[in-house]
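Colleague: I am new to this structure and would like a close look at one part of it, with the neighbouring pieces that help to place it. Please choose a good spot and take me through it slowly.

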Amino acid sequence: MIEVAHLTRRYGSATAVDDLSFEVAKGEVVGFLGPNGAGKTTTMRILAGYLPATRAERLLVAGHDVMRDSMAVRRAIGYLPESVPLYPELRVEEMMRFQGRLHRMSRQDLRTRIGEVLDRVGVLDRRKQLVGTLSRGLKQRVGLAVALLPDPEVLILDEPTSGLDPIQRGEVRNLIAALSSEHTVLLSSHILAEIEAMAPRVIIIHEGQKVADGSQDQIIQRLGASGSGGGAGHVLVEAAAPAEASAMAELMKSLPGVETVTLGDRVGIHHSFRVSGEGDLREDIGALAMTQGWALRELTWKRPTLEQIFTRLVIGDVAPVLSEGASSAPAPVAVPNASNAPAPVTSGLELSMPQGAKKPLPLGTPGTAQPKTIYSLNPFDRGASRDLSKPVSVDPVPPAAPKLDPLDPEGGDA
Ligand SMILES: Nc1ncnc2c1ncn2[C@@H]1O[C@H](COP(=O)(O)OP(=O)(O)OP(=O)(O)O)[C@@H](O)[C@H]1O
């Protein structure tokens, strides 16, 4: 569904996306994670056909070549940009009709589809309301409705919950989780809890480069083992036995998969151990304790969270580890779909770059109110037929509202 091979995007001399390769299979929900300025929006805008790549070996989305036929890509996908510039002076359903006509939907299709998608995102009762008078959360929902209107196979959602309050975030998150059973979804966020809850597979980028790609479990397993002070996981054991602690440690060391056993403090009659090795070793240790007649007081598996792994990746404590073969042809982990995936519990910390950890890019630094370079024909961008190869600098104001024909307010068939 999405194929990205050796994608590079430069802004002047600064490289925002650096030789990035990944694939997203049909039906997958993939979280695109990275700190501010990592290159997520740039990548997504390129994939959505609104920004040209500086260089790419292959860029395919929904069966279309983004570099050769960006218009076909735009029609085939649903794209929710980070800030949703809607038309404030139109009513919700008028704006939906306008967007539908850009997608060449017939009047009849539009009539049923607009009701369906507005209902789906929970704003059907707002169909007559002026867009400009909607709350931010409702605008975000309308933006999602616009992305869903043509019933696209692929949804590209850039920070879909950004700027929402916790309740609105939860609602939009549930909505996306529900959508994920019917669409291939690539969604970005710098909020780990969101990605963890919505996307079984995660691609982490940093300074424009991919630093991790796999299921959350794989990333924790593989990256957790490769840095200092972490490990893929370990089991904490507290047990009382007539045997010496060193003898108990030796017995645990002889179990298959056990690499190290570290003796901890003695707590009363209980000895404590930290047992590291391959995966969750609790069952084997528990069985050993039974056969040896140890009185177990604690048997706990501890492993790093995705949040800890991410922080270590960004500060450079662990080396990037990608899916097998990822450097040439990435082999993403196929995860059936979000509905089957467990939603791990996380702390919900937002990611940000540790100070001094990132080489600043000279251009477009977030927080400086620069005009954005945009390329259209983006229904969200200004101008409806601009050549992709010719960037223009505009201030981030939504396009002028389309004039609806008063004699044909519903619009004619395409
Ligand atoms: N139009 C532009 N001109 C110059 N530099 C740009 C432009 N757009 C983005 N950049 C720079 O490219 C880098 C990647 O930006 P991008 O917006 O893709 O990151 P991001 O991961 O989406 O960040 P965030 O989470 O803050 O939205 C940043 O350093 C940014 O300043």
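Modeller: Let's start with a word we will need: a residue is called buried when its relative accessible area is under 20%. Keep in mind, too, that this is a predicted model. As a warm-up, find Leu-313, which sits in helix H11, residues 306-315. Its relative accessibility is 6%, so Leu-313 counts as buried. Val-211 is 102 residues away from Leu-313 along the chain, yet the C-alpha atoms of the two are separated by 7.4 Å.

Now to the part I picked, helix H3, which covers residues 92-102. Its partner is helix H5, residues 136-148; the two axes come within 10 Å and cross at roughly 30 degrees. Angles under 35 degrees count as roughly parallel, and therefore H3 is roughly parallel to H5. The crossing of H3 past H5 is right-handed. On the H3 side, Val-92, Met-95, Met-96 and Gln-99 make the contact, and they meet Val-142, Ala-145 and Val-146 of H5. Sorted by character, the residues of this contact comprise six nonpolar and one polar, with no charged residue.

Aromatic rings give us another way to look at H3. In the whole structure, a search finds three aromatic pairs. One of them is Phe-22 with Phe-32, a tilted pair whose centres are 5.6 Å apart and whose planes make an angle of 45 degrees. This pair links distant parts of the chain, since Phe-22 belongs to strand E2 (residues 14-24) and Phe-32 to strand E3 (residues 29-33), 10 residues apart. Phe-22 has a relative accessible area of 0%, so it is buried. Phe-32 also counts as buried, because its relative accessibility is 0%.

Another pair brings us back to H3: Tyr-87 and Phe-98 are arranged edge-to-face, 5.3 Å centre to centre, with 85 degrees between the planes. Phe-98 lies in helix H3, while Tyr-87 is in the loop between strand E6 (77-80) and H3, 11 residues apart from its partner. With a relative accessible area of 3%, Tyr-87 is buried. Phe-98, at 18% relative accessibility, counts as buried as well.

For a last stop, look at helix H1, residues 40-47, which is mostly covered, with seven of its eight residues buried. Among them are Thr-42, Met-44, Ile-46 and Leu-47, and also Lys-40 and Arg-45. After H1 comes Gly-49, which has a positive phi near 85 degrees.

Technical notes: Residues are numbered from 1 along each chain as its sequence is written. This is a predicted model: local features need pLDDT of at least 70, side-chain atom pairs count only at pLDDT 80 or more; totals for chains, interfaces and linings use all residues. Side-chain values use heavy atoms; hydrogens and water are left out. Buried means under 20% relative accessible area, exposed over 50%, partly exposed in between (1.4 Å probe, protein chains only). Helices (H or I, at least four residues) and strands (E, at least two) are DSSP runs, numbered from the N terminus. Axes are lines fitted to C-alpha atoms, for helices over the stretch in contact, and angles run from 0 to 180 degrees between N-to-C directions. Angles under 35 degrees count as roughly parallel, over 145 as roughly antiparallel, 65 to 115 as roughly perpendicular and the rest as oblique. A crossing is left-handed if the near helix is turned anticlockwise from the far one by less than a right angle, and right-handed if clockwise. Contact means heavy atoms within 4.5 Å. Ala, Val, Leu, Ile, Met, Phe, Trp, Tyr, Cys and Pro count as nonpolar, Asp, Glu, Lys and Arg as charged, and the others, Gly among them, as polar. Rings of Phe, Tyr and Trp (its six-membered ring) pair if their centres lie within 6.5 Å; planes under 30 degrees apart count as stacked, over 60 as edge-to-face and the rest as tilted.
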